[in-house]
Amino acid sequence: MVGEIRDPDTAQIAVQSALTGHLVFTTIHANNVFDVIGRFTQMEIDPYSLVSALNAVLAQRLIRLVCASCSSHYTPSEEELEASGLDPQQVAHYHFVHGKGCGHCRGTGYRGRSAIAELLHLDDELRQMIVERQPISKIKAHACKRGLRLLRESALELVQQGRTTLEEINRVTFIS
Ligand SMILES: [Zn+2]
């Protein structure tokens with residue numbers, strides 16, 4: 001276990017430990033699983049060592065859930081949908097809610113939280129792409145084709161189910 005990696009020395013120690021047969025768990029600050037690759041490169045880890053040492057990257061976020069006591073259905077405006085990267089047809093089956101705020105949620109409209117996650121598992125093809133320094137857009141496309149579920153997709157599912165708001169997921173995840 002290596003605490004947060006934020007400088008080249010710590011990155012080097014973590015990668016060396018992994019390369020010499022240790023199972024290393026660590027954390028790193030990044031926007032999503034793909035940015036982690038770039039963060040290691042910035043910290044002077046060569047891509048070949050990185051892909052040899054790295055098995056998987058997990059990104060996670062906490063999303064506030066709408067308070068069940070004051071939740072009510074509403075229809076977002078086209079502007080709001082557009083600002084969230086959605087078109088009206090895409091969200092026809094969504095159950096949009098927001099909380100007005102009540103005594104149970106101290107007027108915030110939110111009560112409780114749910115975790116969402118994005119898991120990048122490195123396969124041989126991805127390792128090759130990273131070593132070749134291919135653009136993140138290509139790496140992302142490959143991972144999604146292999147079934148990677150983006151943070152934004154999991155967040156949108158919570159909106160669709162009427163468990164959180166567009167505002168909340170726009171705060172916590174990036175519009176893709
Ligand atoms: Zn409430």
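Which element gives the largest share of the lining of the largest pocket? Keep that one in mind while you find your way around; we'll get to it at the third stop.

**Stop 1: the whole chain**

Start with everything shown as a cartoon. What you have open is a predicted model. Colour it by secondary structure and you should find eight helices and four strands. Follow them from the N terminus and the order reads α-α-α-β-β-α-β-β-α-α-α-α. Along its principal axes, the C-alpha atoms fill a box of roughly 55 × 35 × 20 Å. The chain has 176 residues, and 40% of them are buried. Now think about who touches whom: among contacts with a separation of 6 or more, 73% are between residues 24 or more positions apart.

**Stop 2: the nonpolar core**

Select Ile 5, Phe 34, Phe 40, Phe 96 and Leu 120 and show their side chains. The largest nonpolar core has 45 residues, and these five touch the most other members. In soluble globular proteins, nonpolar side chains tend to be buried together.

Stay with Leu 120 for a moment. Beyond its neighbours within four places in sequence, the contacts of Leu 120 include Val 33, Phe 34, Ile 37, Leu 126 and Ala 143. Leave Leu 126 and Ala 143 switched on, as both come back later.

**Stop 3: the largest pocket**

Rolling a probe the size of a water molecule over the atoms shows where empty space is left. Here the largest pocket has a volume of about 780 Å³. To find its centre, select Val 24, Thr 26, Leu 54, Ala 56 and Val 57, which lie nearest to it among the 30 lining residues. Helix 1 (8-19), helix 2, helix 3 and strand 1 each give two or more residues to that lining. And here is the answer to the opening question: strand 1 provides the largest share, with six residues.

**Stop 4: helix 5**

Select residues 124-131, which make up helix 5, then pick out its buried residues: Leu 126, Met 129 and Ile 130. Why do these three sit on the same side of helix 5? They cover an arc of only 100° around the axis, so they end up on one side of helix 5. An α-helix has 3.6 residues a turn, so residues three or four places apart point the same way.

What do the buried residues of helix 5 pack against? Switch on helix 2 (33-42), helix 3 (47-53), strand 4 (110-121) and helix 6 (136-145), and you have the packing partners. Before moving on, click on Arg 133, which follows helix 5 and has a positive phi, near 55°.

**Stop 5: helix 6**

Go on to helix 6, where the buried residues are Ile 139, His 142 and Ala 143. Their arc around the axis is only 95°, which puts them on the same side of helix 6. Turn the view to the face that points away from this buried side, and you'll meet the exposed residues Ser 137 and Lys 145. The buried residues of helix 6 pack against helix 2, strand 4 and helix 5. Just after helix 6, look for Gly 147, with a positive phi of about 100°.

**Stop 6: salt bridges**

There are six salt bridges to hunt for, and three of them make good stops.

- Select Glu 168 and Arg 64: their side chains form a salt bridge, 2.9 Å from N to O. The pair links distant parts of the chain, with Glu 168 in helix 8 (residues 166-172) and Arg 64 in strand 1 (residues 56-66), 104 residues apart. Glu 168 is buried, at a relative accessible area of 0%, while Arg 64 is partly exposed, at 29%.
- Select Glu 125 and Arg 146: the closest N and O atoms of this salt bridge are 3.0 Å apart. Glu 125 is in helix 5, and Arg 146 is in the loop between helix 6 and helix 7 (151-160).
- Select Glu 157 and Arg 149: this salt bridge also spans 2.9 Å, N to O. Glu 157 is partly exposed at 33%, and Arg 149 is partly exposed at 37%.

Last of all, add Arg 171 to your selection: salt bridges with shared partners join Arg 64, Glu 168 and Arg 171 into one network.

Terms used: Residues numbered from 1 in each chain as written. Predicted model: local features only at pLDDT ≥ 70, side-chain atom pairs only at ≥ 80, totals over all residues. Heavy atoms only, no water. Buried < 20%, exposed > 50% of the residue type's maximum accessible area, 1.4 Å probe, protein only. Arc of directions from axis to C-beta. Contact = heavy atoms within 4.5 Å. Core = buried A, V, L, I, M, F, W, Y, C linked by side-chain atoms within 4.5 Å. Salt bridge = Lys/Arg side-chain N within 4 Å of Asp/Glu carboxyl O. 1 Å grid on protein atoms, 1.4 Å probe; cavity = no way out; pocket = protein on both sides within 12 Å on 5 of 7 lines; lining within 4 Å. Points joined across faces, edges and corners; volume = space filled by probe spheres on them.
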